[in-house]
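Grab your viewer and a coffee. Here are a few exercises to work through, each with a solution you can follow step by step.

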Amino acid sequence: MTAKAERRIDGQFVNDSFPLGHRLRDHAAFGAPKQTRKVPLVIVGGGCAGLSAAWRLRKKGFQDFVLLEMESQAGGNARWGENPVSRYPWAAHYLPVPNKESALVRELCEDLGMLENGKWNERFLVFAEQERLYMNHRWQDGLEPEVGATARDRDQYKRFGERMREMRASGQFTKPIDIGAKPTPLDKMSFEDWMKQERFDSELLRWYANYSTRDDYGALARDTSAWAGIHEFASREPEEKGPLTWPEGNGWIVRRLLERVGRFVLTGQMVHRIRPSKRHVSLLAADTEYRATCGNRFSRGPANEFCRPTNSSRDANLSGSPNLRKPRTR
Ligand SMILES: Cc1cc2nc3c(=O)[nH]c(=O)nc-3n(C[C@H](O)[C@H](O)[C@H](O)COP(=O)(O)OP(=O)(O)OC[C@H]3O[C@@H](n4cnc5c(N)ncnc54)[C@H](O)[C@@H]3O)c2cc1C
């Protein structure tokens with residue numbers, strides 16, 4: 001890591017299995033499996049998505065599954081660390097308060113003790129009304145840079161706010177996304193180009209747009225679609241409370257999930273091949289071949305409640321990752 005100023009910042013990437021990831025990318029050869037394990041259902045990846053899928057299965061009474069995680073610690077982007085002072089997040093550090101439409105997220109929040117009788121637990125709600133920004137050697141309220149802003153900047157903030165209100169009213173920028181999203185030319189242009197097209201050229205507003213896309217997508221406005229960039233602003237209600245947060249950020253959610261489903265999680269298991277056949281889906285990870293039988297036409301019982309039966313040798317989604325498409329096994 002290099003510092004922008006003269007002082008060098010010592011640091012390193014952590015929890016980052018990039019050598020393993022590069023082996024996948026480069027279609028390296030992996031050892032042949034030494035054992036086979038049949039299990040109705042396999043979840044790949046122990047980030048919030050995989051863990052909450054596991055939570056839901058268990059809650060519905062289905063326990064015959066495994067979750068395979070490549071790292072030694074589950075949590076994905078919501079992993080956390082701890083030092084003598086405090087726990088701390090490595091990446092995802094807050095949960096926007098889920099709206100009424102996000103029924104499943106709210107169900108999870110209730111189960112984890114964040115939401116009780118329709119009320120958010122005050123301990124987890126960020127108390128301050130606004131985030132604060134340190135810019136030009138001063139703290140300030142809100143995220144739109146006020147210190148140093150000219151009348152022209154303020155005029156553009158106002159116009160930007162109005163455009164976002166219009167976008168919100170269009171009903172396309174929803175959470176969950178699938179309620180409102182439909183194909184649009186905004187998918188095909190960058191947020192930066194959309195800003196230019198709308199004559200938003202204030203440096204401070206552009207800084208704010210980049211801050212927001214970096215925060216949510218880890219990418220600059222020029223590398224984020226216009227739709228996604230607008231979604232960041234237009235999907236939130238102006239009077240939205242919160243967000244919800246903890247010292248270890250979303251690691252708190254992961255810890256609570258692991259208390260419930262940790263026994264299904266196998267770490268150090270990078271899936272390097274997924275191959276569907278008529279009878280099962282075969283997944284290779286470490287020295288094991290997992291045969292997921294859920295959803296095949298021979299399986300019976302509770303497993304099928306959770307799987308859409310699919311005769312899936314043609315199911316492109318199962319080999320959706322380009323890195324999983326051309327396996328080579330010794
Ligand atoms: C820097 C940063 C900050 C963020 N901050 C927030 C925030 O504050 N609030 C918020 O709501 N969202 C935030 N997000 C977004 C949020 O982190 C993601 O939306 C969320 O983590 C996605 O969860 P996921 O389970 O889909 O993926 P991930 O968290 O990426 O988890 C995927 C998991 O799958 C594992 N995996 C990958 N490939 C394989 C394989 N082949 N075999 C086995 N395991 C595999 C990975 O190791 C990982 O554990 C942030 C994102 C970033 C990058």
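What follows is a set of four exercises on a predicted model.

**Exercise 1. The ligand shell**

Work out which residues come nearest to the ligand, and which helix gives the largest share of the shell.

Solution.
- Step 1: Start with the residues around the ligand, 23 in total; G45, G47, A49, G76 and N77 come nearest.
- Step 2: Sort the shell by class, and you get 12 nonpolar, nine polar and two charged residues.
- Step 3: Ask where they sit. Helix 2 (48–59) and strand 6 (94–95) each put at least two residues into the shell.
- Step 4: Helix 2 takes the largest share, with three residues.

**Exercise 2. The three-stranded sheet**

Find the strand order of the open sheet of three strands, then say which strands stand at its edges.

Solution.
- Step 1: The order reads 2-3-12, and the pairing is parallel.
- Step 2: Strand 2 (41–44) and strand 12 (265–266) each have a single partner strand, so they stand at the edges and one side of each has no neighbour in the sheet.
- Step 3: Zoom in on strand 2 and strand 3 (residues 65–68): four bridges join this parallel pair. V42 has V66 of strand 3 opposite it.
- Step 4: Now bring back helix 2, the one from the ligand shell. Helix 2 lies across strand 2 and strand 3, at about 150° to strand 2.

**Exercise 3. The four-stranded sheet**

Do the job again for the open sheet of four strands: what is the order, and which kind of pairing does the sheet have?

Solution.
- Step 1: Reading across, the order is 1-15-14-13, and the pairing is mixed.
- Step 2: The edges belong to strand 1 (35–39) and strand 13 (271–276); each has a single partner strand, so one side of each is left without a neighbour in the sheet.
- Step 3: On average, neighbouring strands in this sheet are turned by 20° against each other, ignoring direction.
- Step 4: Check one pair. Strand 13 and strand 14 (residues 281–285) are antiparallel, with five bridges. I274 has L283 in strand 14 as its bridge partner.

**Exercise 4. Two helices crossing**

Describe how helix 4 and helix 7 cross, and list who meets whom.

Solution.
- Step 1: The axes of helix 4 (residues 151–169) and helix 7 (residues 226–234) come within 9 Å and cross at roughly 95°.
- Step 2: Angles of 65 to 115 degrees count as roughly perpendicular, so helix 4 and helix 7 are roughly perpendicular to each other.
- Step 3: From helix 4, M164, M167 and R168 meet I230, F233 and A234 of helix 7.
- Step 4: By class, the residues of this contact are five nonpolar, no polar and one charged.

Conventions:
Residues numbered from 1 in each chain as written. Predicted model: local features only at pLDDT ≥ 70, side-chain atom pairs only at ≥ 80, totals over all residues. Near = placed C-beta within 6 Å. Nonpolar A, V, L, I, M, F, W, Y, C, P; charged D, E, K, R; others polar. Pairing = 2+ DSSP bridges. Axes fitted to C-alpha atoms, helices over the stretch in contact; angles between N-to-C directions. Contact = placed C-beta atoms within 7 Å. Parallel < 35°, antiparallel > 145°, perpendicular 65-115°, else oblique.
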